[in-house]
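This report describes selected features of one protein chain, with attention to strand pairing, burial and local contacts. The sequence and coordinates are shown first.

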Amino acid sequence: MDHAPAMDVSLRRRTLLRAAATAALLPLSVPVRPQARPRVVIVATSHGDAPGGRQTGAWLPEVTGPYWIFRDAGCAVDIGTIRGEAPPIDPRSGSERALPGLLRNDETALQAFHEAVCLDCVDGRRYDAVFLSGGRGALWDFPTSGSLRALLEHAALARKPIGAVSHGPAGLLGAQTEGRPLAAGRRIACFTDDEEVRAHWIEHLPFSLEQRLKAEGATVQAGGSNQPHVVRDGRIVTGQNPASATASARRLLETLKGT
């Protein structure tokens, strides 16, 4: 009597049972984690006083304009200041009354401005890019902030994009990478001596930003006074003046996306 057909049926049954048992041990689907949004920190000055009773501070559109460029692109955005408080607003650039309109009456944006994080408490690993807003107050507290220097040096070492506009490149002063100034050998745009003279500020500043950047080895590339001008050198993007703020933010986004 031939038992082959019965053996074939038995073999197929065992194979099916083993397959079913294996399938039971596997998850029905592999959960896919949502991709985290890029996170950008906009750094603003905490310094509001200048010699001769003059007022300075952050140049408001250099904070609010880039904020919305990043937010509208889907980024999570923090605002950080040297002392961890709302940045003082240069009165020539706007006021508290103008702030809600510039921030679209958006509760999240207004909270980010009024409850700016202190750079002493910032973990650079959280951020995918750093943007240094301007305003002449930055000439006083950006170069002397060890926390800002550490944030920028971490970003440079991790090859994260760094952006700066107007007086924001003052934050690059003193920062180092691989034992040399971060600005050395870089093409940089910043608020120029000519623009300071035209604004009648040159004699009231602690130093010339243009000359200090050159002293650290940067090549300062100037465009027309008060005209939009953006320079990208590797993963560092700089804008010359307030007219360059949103364009600088857009170029930083392109750099972040690798384009």
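## Strand 5 and its pairing with strand 4

Thr81 has Cys118, in strand 5, as its bridge partner. This pairing, like everything reported here, is taken from a predicted model. Strand 5 covers residues 117-118 and runs parallel to strand 4, to which 2 bridges join it. Gly80 is likewise matched with a residue of strand 5, namely Val117.

## Overall composition

The chain contains 9 helices and 13 strands. Of its 259 residues, 47% are buried. Among contacts with a separation of 6 or more, 76% are between residues 24 or more positions apart.

## The seven-stranded sheet

In what order do the strands of the open sheet follow one another? The order is 5-4-1-6-7-13-12, which makes an open sheet of 7 strands with mixed pairing. Strand 5 and strand 12 (residues 230-233) are its edge strands, each pairing on one side only. In general, the strands of a sheet pair through backbone hydrogen bonds, in either the parallel or the antiparallel sense.

## Strand 4

Strand 4 pairs with strand 1 (residues 39-44) in the parallel sense, over 6 bridges. Within this pairing, Ile42 has Ile79 of strand 4 as its bridge partner.

Is strand 4 enclosed or open to the surroundings? Because 6 of its 6 residues are buried, strand 4 is largely enclosed by the rest of the structure. Side chains in a regular strand alternate between the two faces of the sheet. In strand 4, Ala76, Asp78 and Gly80 point one way, while Val77, Ile79 and Thr81 point the other way, and all are buried.

## Strand 7

Strand 7 (residues 162-165) has buried residues pointing both ways: Ile162 and Ala164 one way, Gly163 and Val165 the other. Strand 6 (residues 129-132) pairs with strand 7 in the parallel sense over 3 bridges, and Phe131 has Gly163 of strand 7 as its bridge partner.

Strand 7 also pairs with strand 13 (residues 236-239), again in the parallel sense, over 4 bridges. Here the bridge partner of Ala164 is Thr238, in strand 13.

## Helix 4

Helix 4 spans residues 107-114, and its buried residues are Ala109, Leu110, Ala112 and Phe113. These residues lie on the same side of helix 4 because they cover an arc of only 160° around the axis. Glu107 and Thr108, on the other side of helix 4, are exposed.

The buried residues of helix 4 pack against helix 2 (60-72), strand 4 (76-81) and helix 3 (99-102). At the N-terminal end of helix 4, Asp106 acts as a cap, with a side-chain oxygen 3.1 Å from the backbone nitrogen of Thr108.

## A buried glutamate in helix 7

Glu195 belongs to helix 7 (residues 193-198). Which side chain of opposite charge is nearest to Glu195, and how far away is it? It is Arg198, at 7.4 Å; Glu195 is buried yet has no salt bridge.

The side chain of Glu195 does make a polar contact, of 2.9 Å, with the side chain of Asn241. Apart from neighbours within four places in sequence, the residues in contact with Glu195 are Cys190, Gly224, Ser225, Asn226, Gln240 and Asn241.

## Two loop positions

His229 is located in the loop between strand 11 (219-220) and strand 12. A polar atom of the His229 side chain lies 3.1 Å from the backbone oxygen of Gln221. When residues up to four places away in sequence are not counted, His229 touches Ala189, Gln221, Ala222, Gly223, Thr238, Gly239, Gln240 and Ser244.

Ala184 lies in the loop between strand 9 (180-181) and strand 10 (187-188). Is Ala184 buried or exposed? Its relative accessibility is 11%, so Ala184 counts as buried, the cut-off being under 20%. Although Ala184 and Glu216 are 32 residues apart along the chain, their C-alpha atoms are separated by 5.7 Å. Beyond its neighbours within four places in sequence, Ala184 is in contact with Glu216, Gly217 and Ala218.

Notes
Residues are numbered from 1 along each chain as its sequence is written. This is a predicted model: local features need pLDDT of at least 70, side-chain atom pairs count only at pLDDT 80 or more; totals for chains, interfaces and linings use all residues. Side-chain values use heavy atoms; hydrogens and water are left out. Buried means under 20% relative accessible area, exposed over 50%, partly exposed in between (1.4 Å probe, protein chains only). The arc is that of the directions from the helix axis to the C-beta atoms. Contact means heavy atoms within 4.5 Å. A polar contact is a pair of N or O atoms within 3.5 Å; within protein, one must be able to donate a hydrogen and the other to accept it, and residues adjacent in sequence count only if both atoms are side-chain atoms. Lys and Arg count as positive and Asp and Glu as negative; His and the chain ends are not counted. A salt bridge is a side-chain nitrogen of Lys or Arg within 4 Å of a carboxyl oxygen of Asp or Glu. Two strands pair if DSSP finds at least two bridges between them.
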